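Subject: Structure handover

Hi,

Here is the structure for your files. My notes on what turned up follow below.

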Amino acid sequence: MADDYLVRIGKLIRDARQHRGWTQSQLADALATSQSAVNRIERGNQNISLEMIARIGEALDSEIVSLGYAGPMHLRVVGGRRLSGAIDVKTSKNACVALLCGSLLNKGRTVLRRVARIEEVFRLLEVLNSIGVRTRWINDGVDLEIVPPAVLDLEAIDAEAARRTRSIIMFLGPLLHRMDTFRLPYAGGCDLGTRTIEPHMIALRRFGLDIAATEGLYHAQVDHAVSPDRPIVLTERGDTVTENALLAAARHDGATVIRNASSNYMVQDLCFFLEALGVRIDGIGTTTLTVHGVPSIDVDVDYSPSEDPVEAMSLIAAAVVTESQLTIRRVPIEFLEIELAVLEEMGLDHDRSAEYCADNARTRLVDLTVRPSKLEAPIDKIHPMPFPGLNIDNVPFFAAIAAVAQGQTLIHDWVYDNRAIYLTDLNRLGGRLQLLDPHRVLVEGPTRWRAAEMMCPPALRPAVVVLLAMMAAEGTSVLRNVYVINRGYEDLAERLNSVGAQIEIFRDI
């Protein structure tokens, strides 16, 4: 057993040395030892002290051994490879987290099919388990069963898990029906600048919810005598704001009208799920929703969330940036039509299958084949709009796409304070992106990508954009600490490898 550990530690030291780009002789010089000693260490043929491991870690700027927790996950990418074949789009991350929050409305058993096994879901499950909800993966880990307790134990909430996900904010809508007072940790998630919860509160106050924020907690009080006496007009047509209003209205006895509502994909999936719970909703897919709530929900429900249009856009961008022919299956076309229209104007060569239904029997899917194309920069700027406009989360992928197009593209990411800044990380890979202000970036193409080693940006979509550029860059790149990617994508490296990428997962111990 000891010999086995020596071999494993030796392999980790070898990997860390190779990531640094050092030879065994260079490491030996840094440690004031011989190249043959380093060779024996890496082969697991030499006893090694903790002091020596620490010295090696310091020399290689790599934490070889972490005590008490799993080391961060990194990716080593051998770029310049063409992708080929076909890849399926997974179910929607944002729909799945909304449905997990929505399951708190139901006293009965909820089964969600093909749930995305991602860090955001895992954090929410940790929170749900901590307050007494029983969850288990069934059908070989594909589907998720959720059974709530008679009484939720909010005092036992896993605060650390809650703070690592912004989705915890969507507990407010369901909990105001179950509690008179409760506390929730501040919401976390991506680092995308200041994101106030005031739009949520404007909607939820109409159901009697009052929030005071102190010392990292939201302190909530509910006046159950308060109910909406006129339509709720959302001050922000946001997805989570609309979902919170829907969750609050679902168990309000009577009709609630929500205006300026988001009609985006995850909101529609939540509406379909609420209908399965017995809540009638008029206007799904529009900006005015009328929710006919029921005061008690106790049903056994089985629901299949639809596919993720943002993941589909990620895979389209992967094909474009690597100049590959790739078929992306199960694309929710309704939520990508604007993006594809822009790409067509840029010169994208692609075709699509006839439409068919997702497992929820409501969302329209197609199979999309992308071919290598000579792209030209679009005449107009790229900017997001609420659905049915270009999806806010898809804007970063156009930075990578614009980088391989001929000419200048202006990207105006007006929604978030910091995200455009993170896109300039592409410059370390050979991109030519000029930051005009915190929301606007000018992209000059085409780009000759080059390999690099860098830390993962702290925002999900820019992080994936960096990974895609590494896949296009000749040579070996390293992307360190990719937790943020795992928040939103299931087994992304392995799935890209299945269509021709060469991405290796590794960890410091």
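A pocket is found on a 1 Å grid over the protein atoms alone: it is an open set of points where a 1.4 Å probe fits, with protein on both sides within 12 Å along at least five of seven lines. Lining residues have an atom within 4 Å of a point. Grid points are joined across faces, edges and corners, and a volume is the space filled by probe spheres set on the points.

The model is predicted: local features need pLDDT of at least 70, side-chain atom pairs count only at pLDDT 80 or more, and totals for chains, interfaces and linings use all residues. Residues are numbered from 1 along each chain as its sequence is written, and side-chain values use heavy atoms, with hydrogens and water left out.

Pocket

The second largest pocket has a volume of about 370 Å³. It is lined by 19 residues, and V321, E323, V404, T447 and W449 are the closest to its centre. The lining splits into eight nonpolar, five polar and six charged residues. Here Ala, Val, Leu, Ile, Met, Phe, Trp, Tyr, Cys and Pro count as nonpolar, Asp, Glu, Lys and Arg as charged, and the others, Gly among them, as polar.

E323 has a phi near 55°, a positive value in a residue other than glycine. E323 sits in the loop between α12 (309-321) and β14 (326-332). Helices (H or I, at least four residues) and strands (E, at least two) are DSSP runs, numbered from the N terminus.

Cis peptides

G445 and P446 are joined by a cis peptide bond, omega about 0°. P446 is in the loop between β20 (440-445) and β21 (453-455). Another cis peptide bond joins F387 and P388, with omega about 15°. P388 is in the loop between β17 (364-371) and α14 (395-403).

Helix packing

Axes are lines fitted to C-alpha atoms, for helices over the stretch in contact; angles run from 0 to 180 degrees between N-to-C directions. Helix α5 (residues 93-102) packs on helix α6 (residues 119-130) at about 5°, axes 10 Å apart. So α5 is roughly parallel to α6 (angles under 35 degrees count as such). K93, C96, V97, L100 and C101 of α5 touch E120, V121, L124, L125 and L128 of α6 (contact means heavy atoms within 4.5 Å). That contact has eight nonpolar, no polar and two charged residues.

The axes of α5 and helix α11 (residues 265-276) come within 8 Å and cross at roughly 35°. Residues in this contact divide into seven nonpolar, two polar and one charged.

Conventions. Angles under 35 degrees count as roughly parallel, over 145 as roughly antiparallel, 65 to 115 as roughly perpendicular and the rest as oblique.
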